[in-house]
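Me: I'd like a close look at one part of this protein, the nonpolar core. Could you walk me through it and the sheets that go with it?

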Amino acid sequence: MPTSKSDYIITASQSYISRSASILVAPNLHSKGKSVIQKNVTIHGEFGASIHIGRYVYINEDVEIAPSVIPASSDPLLTMGSSSSSGGGIGSKKQHMPLHPPTKNEKALPLIIGSHTKIGTNCSIQSIAIGSCVRIGSNCQIYPRSKIHDCCIIENDTVIPPDMVVPPFSRVRGNPARIVGSLPECCGGEFVEDCVQEYTGFVRGLGE
């Protein structure tokens, strides 16, 4: 829970970043503002790819976010022996698979997180895109090159495998993830309102 404004860095666009969060190579992080990044979040800008975060995004504690890494060339002679040609997938928080910036034969892909999206605690994310109005539960693993479209719910403890594409208005759960239901089209408006109210309540709840 928020305690004091002094626990956060407040950006010009009114985003609140916990002073215990690690934003590596901060110029590669681009936020539209009014978002909250909680303590012990790590964002890997040192991979060299840009990471874009929309408005009213809430990233809970103990989340790790990194771009996907792919071979820089389709030439098999250049990709042989690459330790992360599959994207360097992320394991659980208890047993992280190693993350490292691209080698000379690899490149990182930009990562986009849309507006009005919430990410639960203890998640590992190495997707290429997470849409707007997405709810990601706690203890989720989002593997490289995956994509989550707008207006989706990813339930707690879900593992989305590499290259999986989640269509809009999907409810997803399991390990490996599977689509278990659909959401009504009205959910987008509800998610927007919820994120705006949560941000407003967070700011008001901060002590001086």
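Reply: Here is the core first, then the sheets, then a word on how far to trust the picture.

Keep in mind that this is a predicted model. The largest nonpolar core has 30 residues. Those with the most contacts inside it are Ile37, Ile59, Ile65, Ile119, Ile136 and Ile148. As for who supplies the residues, β7, β12 (111-113), β16 (134-136) and β19 (152-154) are the elements that give two or more to this core.

If you want one residue to click on, try isoleucine 148. Leaving aside residues up to four places away in sequence, Ile148 touches Ala129, Ile130, Gly131, Val134, Ile136, Ile142, Ile154, Ile160 and Val166. There's also a second, separate core, with nine residues, including Tyr8, Val36, Tyr56 and Tyr58.

Now the sheets. Two of the core contributors, β7 and β12, turn up in an open sheet of six strands, ordered β4-β7-β12-β15-β18-β21 and paired in parallel. At its edges are β4 (29-31) and β21 (165-166); each has a single partner strand, so one side of each is left without a neighbour in the sheet. Zoom in on the β4 end and you'll find three bridges joining β4 to β7 (residues 51-53), with the two strands running parallel. Histidine 30 has histidine 52 in β7 as its bridge partner.

Another open sheet, also of six strands, goes β3-β6-β9-β14-β17-β20, and the pairing is parallel here too. Its edge strands are β3 (22-24) and β20 (159-160), each with a single partner strand, so each has one side left without a neighbour in the sheet. Inside this sheet, β6 (residues 42-44) and β9 (residues 64-65) pair in parallel over two bridges, and threonine 42 stands opposite glutamate 64 in β9. Ile65, one of the core residues with the most contacts, falls within β9.

Stepping back to the whole chain, there are 23 strands and two helices. Of the 208 residues, 46% are buried. Among contacts between residues at least 6 apart in sequence, 36% join residues at least 24 apart. The accessible surface comes to about 9800 Å², with 54% of that belonging to carbon and sulfur atoms.

And how far to trust it? The chain averages a pLDDT of 89, and 86% of the residues score at least 70. The stretch to watch is residues 79-97, where pLDDT stays under 50. The model has 49 contacts beyond four places in sequence for that stretch, but where pLDDT is low, the predicted coordinates should not be read in detail.

Technical notes: Residues numbered from 1 in each chain as written. Predicted model: local features only at pLDDT ≥ 70, side-chain atom pairs only at ≥ 80, totals over all residues. Heavy atoms only, no water. Pairing = 2+ DSSP bridges. Helix = DSSP H or I, 4+ residues; strand = E, 2+ residues; numbered from the N terminus. Core = buried A, V, L, I, M, F, W, Y, C linked by side-chain atoms within 4.5 Å. Buried < 20%, exposed > 50% of the residue type's maximum accessible area, 1.4 Å probe, protein only. Contact = heavy atoms within 4.5 Å. pLDDT = per-residue confidence, 0-100. Areas by Shrake-Rupley, 256 points an atom, 1.4 Å probe, with all protein chains shown as cover.
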